[in-house]
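Q: Please take a close look at the salt bridges in this structure. Which side chains meet in them, and where do the partners lie?

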Amino acid sequence: MNMKIAVLPGDGIGPEIMAEGCKVLCKIGETFGHTIELEEALVGWTAIDAVGEAFPDATQEACDHANAVFFGCVGNPERDMTVPQQERPERCAVLRLRTGNYANLRPAIVYGALAGQSVVKPEIIGDGLDILIVRELTGGLYYGQPRGVTREGDSARGVDTLSYTTEEIVRVSRVAFEAAQRRSKKVCSVDKVNMLASSQLWREVVTKVGENYPDVELTHMLADRACMELIRDPHQFDVIVTGNLFGDMLSDEAAVLAGSLGMLPSAAIGDGKPMFEPIHGSAPDIAGQGIANPIATILSGAMMLRHAFGLDAEAQAIERAVESALGDGFRTPDIHVPGTDKVNTQGMGDAIAERIAQG
Ligand code: NAD
């Protein structure tokens, strides 16, 4: 297969982790006989410094020419606050990349080798965990109108609007039910039906869509309860589907189970150009030191092979290589414990790439 991928490393640790993500993809290309064309483009503060805007036209063109976008991370907390909200790279660049991609897939996987390192007790995590959170990505509270702050004298009023349409709920629910069919056939829909009108519609529509998937067991849970259950008894969940706001929070909470933000990949899919990125930010506190964990990015590459190119065996080869490198004791500093082998970003990328070549 011939794959064209736009590579957007971005800011902070972005270039360091993306180098390893691309190394592993190229190793897959060599091992499985695929041609992988990578076109790198600027995004974020790196792009502002180079050409004056966070998402230049050349970057849009690189994305338009590609089959999929491989994105690192953007943001610089010291500089983010110096520009209006709508001009911050995290808002304008990431939102441009997400256009049309209404479903955000966020697996929260705790590998057996790291189970003891979760902040949650070992008896709760057991020998690992695998939950998929499907978050609605282009609607809900983050985009509803009207929004904004109006000021009058000393007083001000901030408004956001939470709105969902049937169509928005149907399409993201389908993604969740179809994902569940490939897994343990369980979907838990999370809402706030006791308080929100939009949640009443959410629950009604998800239930209706669920009738088309009789092999999948559908349950519903209030968002506050879900926050608690995710920590108390995470194994009860397989696929969670929820709106933009609750999904944002639940997926970060689920990330804590995995022990490090550096472990978790994501995919944004739908009607736009599919986009794959680690869930973490630009980690300015460790940028430039070569110690960031590249696994979230490498696993985002695996999600790209599966969801953008339908290459399940290749995606599994990456996932197995990650598991094997962790099993053999390779650890970046964020997941290092005594008795394991501390490696830097490049060392982890090499360990994973080698294991792909070995099969
Ligand atoms: P962050 O995710 O960048 O970092 C949080 C903590 O996790 C830090 O201590 C960091 O060192 C650690 N961490 C993150 N990724 C890691 C990795 N791969 N390996 C090892 N440790 C890792 O979140 P933050 O500090 O709140 O945000 C920093 C900047 O990133 C901000 O400007 C923020 O707006 C931006 N941000 C961007 C995105 C994105 O590009 N999609 C997402 C979140 C935050």
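A: What follows goes through three salt bridges one by one, then a network, an aromatic pair and a charged patch.

The model is a predicted one. A search of the whole structure finds 19 salt bridges. Side chains of opposite charge can pair when their charged atoms come close.

One of these bridges joins the side chains of Arg98 and Glu277, with 3.8 Å from N to O. Arg98 belongs to helix α5 (residues 89-98) and Glu277 to strand β12 (residues 275-278), so this pair ties together parts that are 179 residues apart in sequence. Arg98 counts as buried because its relative accessibility is 15%, and a residue is buried under 20%. Glu277 has a relative accessibility of 10% and therefore also counts as buried.

Another bridge is formed by Asp130 and Arg183, at 3.3 Å from N to O. The pair links distant parts of the chain: Asp130 sits in strand β5 (residues 129-136), while Arg183 sits in the loop between α7 and β8 (186-191), 53 residues apart. Asp130 is partly exposed, at 42% relative accessibility, and Arg183 is partly exposed with a relative accessible area of 26%.

A further bridge brings together the side chains of Arg147 and Asp160, at 3.9 Å from N to O. Here the two partners lie in strands: Arg147 in β6 (residues 144-152) and Asp160 in β7 (residues 155-161), 13 residues apart. Arg147 is partly exposed, with a relative accessible area of 29%, and Asp160 is partly exposed as well, at 47%. Some salt bridges share partners, and in this way Glu20, Lys23 and Asp350 are joined into one network.

Contacts between rings can be looked at in a similar way. A search of the whole structure finds two aromatic pairs. In one of them, the rings of Phe177 and Tyr213 have centres 5.0 Å apart and planes at 10°, so the pair is stacked. Phe177 lies in helix α7 (residues 166-181) and Tyr213 in the loop between α8 (197-210) and β9 (217-222), so the pair ties together parts 36 residues apart in sequence. Both Phe177 and Tyr213 are buried.

Last comes a group of charges on the surface. Glu39, Glu53, Asp57, Glu61 and Asp64 form a negative surface patch. Helix α3 (residues 57-65) contributes the largest share of this patch, three residues. Glu53 is found in the loop between α2 (45-51) and α3, and Glu53 is partly exposed, with a relative accessible area of 40%.

Definitions and conventions: Residues numbered from 1 in each chain as written. Predicted model: local features only at pLDDT ≥ 70, side-chain atom pairs only at ≥ 80, totals over all residues. Heavy atoms only, no water. Patch = residues over 30% accessible without salt bridge, like charges linked within 9 Å, V, L, I, M, F, W, Y side chains within 5 Å. Areas by Shrake-Rupley, 256 points an atom, 1.4 Å probe, with all protein chains shown as cover. Salt bridge = Lys/Arg side-chain N within 4 Å of Asp/Glu carboxyl O. Lys, Arg positive; Asp, Glu negative; His and termini not counted. Charge placed at Lys NZ, Arg CZ, Asp CG, Glu CD. Helix = DSSP H or I, 4+ residues; strand = E, 2+ residues; numbered from the N terminus. Buried < 20%, exposed > 50% of the residue type's maximum accessible area, 1.4 Å probe, protein only. Phe/Tyr/Trp six-rings, centres within 6.5 Å; stacked < 30°, edge-to-face > 60°.
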